[in-house]
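The exercises below are meant to be worked with the sequence and the coordinates open side by side. Try each task before reading the solution that follows.

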Amino acid sequence: MAPSTVYVVDDDPGIRRALERLLGAAGFRSLTFGSATAYLAGEDPEVAGCVVLDVTLPDLDGLGLQRRMAESGRDRPIVFISACGSIPLSVRAMRAGAVTFLTKPVTERELLPAVREAVAIDRQWRRAREDRSVVQAHIGSLTPREREVMEHIVKGLLNKQIAAALGTVEQTVKVHRARVMKKMAARSVAELVRLATLAWSWPAHSVPVPDRREPRSDNN
Amino acid sequence: MGLSVVSLAVLVFGGALWLWRDALRERDRKQSLEEAASRLAFVGSAAGLGLLELESSRTVWTNPQFATLLDLAPATDPTLQQLLDGLSADDQPAVHGALSLARHSRERIQLDVRFVQKEREPRWLGLVVAMRGGSGNHDKPRIAIAALDVTERKHAEIELQRQRQQLAHLGRVSMLGELSGSLAHELNQPLTSILSNAEAGQHFLDERSRDLGEVRDILQDIISDDRRAGEVIRRLRALLTRGETQFQCVEVRQLVSDVLTLEHGELVARNVQVRARIPDSLPPVRADRVEVQQVLLNLFLNACDAMAGNEPESRLIEVQATHGAGDTHVHLSVADRGRGISPESLERVFDPFFTTKREGLGVGLAISRTIIAAHAGRMWATSIPDRGAAFHFTLPVFQEERHGLSHSEGIHRG
């Protein structure tokens, strides 16, 4: 697997240099940016990795960038670092899906596990996204009638009920059903339901993330 | 015969009349001289005004009050030396300077000096030094010195200044309270780099293969970040000290850049840009560094507040300093792009406790105006509705000392 990249966004060049060194020592490749705009211009969605993001930035602030990333579908797990972290601010960041919220000055014992976790989450998202696009391709190969049948199966209807709903005979539904299972590469109804859920529910945040931390503040 | 008798009689009578009129005139002259003298004596005693006239340092005339002011017996004629001997050593050069300035430029000089007496509280004397006469050929130029005990007025002034300084200090403390969040940010930034650099350095040392050049770079960064943190603390301490007002030769550019460094975090957090236009040719000003920084800090914070509702790209503060050729003062202005101030409020914003903000006491501008007034400058506001407000103030151009007048504060030319 290609190594993950850590995107560091902080307006302070000294901090960018220091974090790059620290992350480098821990085996991460990092790319640094001085502003949200520079990040948006320089970030490559194909590259796996996470963002270490300062809250206070000159043009668009950290929370604004988080929102912009979610809106544009260029989502990445975010580790926030802030010199003036307040509880409301960290709560907002966490609600919007941040991995964690650390207060500057941040020690490697806080930062590195958070970055590792964020990178792992990014891998999960990427895998889920790949799976999803495979499933979507499969769904795309269905005929409109097969798709209708699939929707009914997923709802839990029996062949008889599907036939009634579509105004056809049970035998025809059976044929469609077999084709749906084959095209979707599903071995059971349960698996078909899982695939349908993967394809039809989004965004990535709905993919369960293990061990999500509570928001932190400078008080704890 | 009869005619000659009559003529004689007329002659004698006329002569007597003439003599009598002359005597009357002489008496009038004496009377008015006495009256003038008695009036002068009355003025002197009623006002406690001591007068001394010198012809090239020799006393030619004085009044009893001058001796009293110098704690001498009223009958003695005090000399210039006796006056000088009684003055505090700090003030003697100022009096010498005033005498020489009066002699050469014929200006009237006013100055306040401390008269130090044995076993008594020092008293303040207000002196007026001026040239008298010297225009005609017979009239030798004289230096006149008028002296008045101004101790009470001076104490009131000093008390007022002490209160003003305390108020200014309180204003600074409360303003730094408002800034505390961003000051923490300013300190945290270098501390963050230092910590991460030090941790990275430890890892580099563990890996033997690493080249030491990188460790050297790390240490260099740690040193410069440490200096940066120290600089923030130094500026903070300077603002928090409760010192006497000290007028010095101050570069406006340095003042503005010091304030911007302190406020950097706040400006970034609030998305506010600052454009400063300070010409290289700007002369230094005579100012108390800390107090003028306080005024600028206050104006910047107000400008940020005024633009809180703006789109981030239109949050701009413009700082400008100008000085016209021959002007006695430098003009500074701080302009924002906020909603502006209504014409009827332009003067009221300087009233104590006038505020449009939910937080804040509304004393910032009132204190700022007293600070600028104490600098012999002026402070006012202008506004274009919906386009923003500008606050202006003037500070005197710093002047080299002249004629040995070290105490230029106490001296007014009139």
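**Exercise 1.** Work out how many residues of chain B are in contact with chain A, and which elements of chain B supply them.

*Solution.* In this predicted model, 21 residues of chain B are in contact with 19 residues of chain A. Next, assign the chain B residues to their elements: those that give two or more residues to this side are α5 (151–206), α6 (212–240) and α7 (252–269) of chain B. Of these, α5(B) gives the most, with 16 residues. Finally, sort the side of chain B that touches chain A by class, which yields nine nonpolar, nine polar and three charged residues.

**Exercise 2.** Describe how helix α1 of chain A crosses α6(B), and name the residues that meet there.

*Solution.* Two packed helices are described by the angle between their axes and the distance between the axes. For helix α1 (residues 13–25) of chain A and α6(B), the axes come within 11 Å and cross at roughly 145°, and the crossing is left-handed. On the α1(A) side the participants are Gly14(A), Arg17(A), Ala18(A) and Arg21(A), which meet Ile218(B), Asp221(B) and Asp225(B) in α6(B). Divided by class, the residues of this contact are two nonpolar, one polar and four charged.

**Exercise 3.** Find the residues with the most contacts inside the largest nonpolar core, and list the contacts of Val115(A).

*Solution.* The largest nonpolar core has 43 residues, and those with the most contacts inside it are Val9(A), Val52(A), Val79(A), Phe80(A) and Val115(A). Once neighbours within four places in sequence are left aside, Val115(A) is in contact with Val6(A), Leu23(A), Phe28(A), Cys50(A), Val52(A) and Val79(A). Another core, of 41 residues, lies apart from that one, and includes Val272(B), Val292(B), Ile317(B) and Met379(B).

**Exercise 4.** Asp71(B) and Asn271(B) each have a positive phi; decide for each whether the residue is buried, partly exposed or exposed.

*Solution.* Begin with Asp71(B), a residue other than glycine whose phi is near 65°, and which lies in the loop between α2 (64–69) and α3 (80–86) of chain B. Because Asp71(B) has 14 C-beta neighbours inside 10 Å, this residue counts as partly exposed. Then take Asn271(B), which is not a glycine either and has a phi of about 60°; its place is in the loop between α7 and β7 (273–277) of chain B. Asn271(B) has 20 other C-beta atoms within 10 Å, and is therefore buried.

Conventions:
Residues numbered from 1 in each chain as written. Chains lettered and ligands numbered in written order. Predicted model: local features only at pLDDT ≥ 70, side-chain atom pairs only at ≥ 80, totals over all residues. Contact = placed C-beta atoms within 7 Å. Helix = DSSP H or I, 4+ residues; strand = E, 2+ residues; numbered from the N terminus. Nonpolar A, V, L, I, M, F, W, Y, C, P; charged D, E, K, R; others polar. Axes fitted to C-alpha atoms, helices over the stretch in contact; angles between N-to-C directions. Left-handed = near helix turned anticlockwise from the far one by under 90°. Core = buried A, V, L, I, M, F, W, Y, C linked by C-beta atoms within 7 Å. Buried ≥ 20, exposed ≤ 12 C-beta atoms within 10 Å, placed from the backbone.
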